[in-house]
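Student: Could you take me through one part of this structure up close? I would like to see how a single helix sits among its neighbours.

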Amino acid sequence: MFSIKKNLINFIKKIVFKHSNLGKPNFQYNLEPEQLSEIIISLKKVKNIKGCICEIGVARGMTTRFICEHLVNSSEDTSFYCIDTFSSFESGDIDYEIKNRNKNKSDIEAFKYNDFKKWKENFKNFKFVKPIKADAKKFDFNKITPIKLAIVDVDLYLPTIAVLDKIKDCMSKGGIVIVDDVKKNEKWDGAHQAFHEFVKKNSLSYRLVGQKCGVIEF
Ligand SMILES: C[S@@+](CC[C@H](N)C(=O)[O-])C[C@H]1O[C@@H](n2cnc3c(N)ncnc32)[C@H](O)[C@@H]1O
């Protein structure tokens, strides 16, 4: 009886795979494979450094989940702070892009679906994940100092430059900052402008990885 049921399920799976797109693999990450790989390399580099990990701008948590998998597999004992408004961009940050950076409101409106309660519930089994609902521009990063790895992915100019300015003095020696969307002539190129202004004004060396990832090692 059990084997008839199993054979039937396998037969249905075969039909569904062949005649629909339900089994078609897709790439659901916001980050490129090279960026994901850079995150793992960075996690290994900072493994024995004192400090926490933080991702600023988490959206629904695809990269967060990817990092959680690695932290569990490598039995790392660290706090992983996940900071977001969990309700999309701040209106002042969008207005700045429209008034000063020539962007269209409709192009840069996104992530409104998010919900803090549901997000926390989705990550409740990862005890080391510490979700924080805040405007990253106003968050006091001294509360989570020292930071050994920061992933900054808030897309627009104002939050990116504010976060970089704030975390600079909170980084552990040997700590790493990874910034997404360091790419010109894109709708999220506010992050590109902020990254380059930041490294220039602080005379920091940096690397570019893949098509849109900036890396600074402290
Ligand atoms: C591109 S998504 C992050 C994607 C995520 N890192 C990933 O790889 O899956 C950008 C996120 O930044 C958040 N964000 C934008 N401005 C912010 C601000 N001022 N403070 C906190 N979060 C902000 C948005 O709510 C959104 O969830």
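Tutor: Happy to; here is a walk around helix H7, followed by the sheet and the ligand shell. Keep in mind that this is a predicted model.

Let's start with the partner helix H8. H7 spans residues 157-167 and H8 spans residues 190-201; the two pack with their axes 7 Å apart, at an angle of about 30°. Angles under 35 degrees count as roughly parallel, so that is how H7 and H8 are described relative to each other. Their crossing is right-handed. On the H7 side, the contact is made by Tyr-157, Thr-160, Ile-161 and Leu-164, which meet Gly-190, Ala-191, Gln-193, Ala-194, Phe-195, Glu-197 and Phe-198 in H8. Sorted by character, the residues of this contact are seven nonpolar, three polar and one charged.

H7 also has helix H4 (residues 91-100) as a neighbour: the axes of H4 and H7 come within 8 Å and cross at roughly 115°. Here Tyr-157, Leu-158 and Pro-159 in H7 meet Asp-93, Tyr-96 and Glu-97 in H4. This contact holds four nonpolar residues, no polar ones and two charged ones. Tyr-157 is thus worth finding in your viewer, as it appears in the contact with H8 and in the contact with H4.

Next, the sheet. H7 lies across strands S1, S4 and S5, and runs at about 175° to S4. Those strands belong to an open sheet of seven strands with mixed pairing, in the order S3-S2-S1-S4-S5-S7-S6. Its edges are S3 (129-133) and S6 (207-209), each of which pairs on one side only. From one strand to the next, the twist averages 20°. Helix H2 (residues 33-45) packs on this sheet as well, touching S4, S5 (171-180), S6 and S7 (213-217), and its direction makes about 175° with that of S5. Within the sheet, S1 (residues 52-56) and S4 (residues 147-152) pair in the parallel sense over five bridges, and Cys-54 stands opposite Ala-150 in S4.

Finally, the ligand. The shell around the ligand has 23 residues, of which Gly-57, Thr-63, Ala-136, Asp-153 and Pro-159 come nearest. Pro-159 is the one to follow back to our helix, since you have met it in the contact of H7 with H4. The shell as a whole divides into nine nonpolar, six polar and eight charged residues.

Notes:
Residues numbered from 1 in each chain as written. Predicted model: local features only at pLDDT ≥ 70, side-chain atom pairs only at ≥ 80, totals over all residues. Axes fitted to C-alpha atoms, helices over the stretch in contact; angles between N-to-C directions. Helix = DSSP H or I, 4+ residues; strand = E, 2+ residues; numbered from the N terminus. Parallel < 35°, antiparallel > 145°, perpendicular 65-115°, else oblique. Left-handed = near helix turned anticlockwise from the far one by under 90°. Contact = placed C-beta atoms within 7 Å. Nonpolar A, V, L, I, M, F, W, Y, C, P; charged D, E, K, R; others polar. Near = placed C-beta within 6 Å. Pairing = 2+ DSSP bridges.
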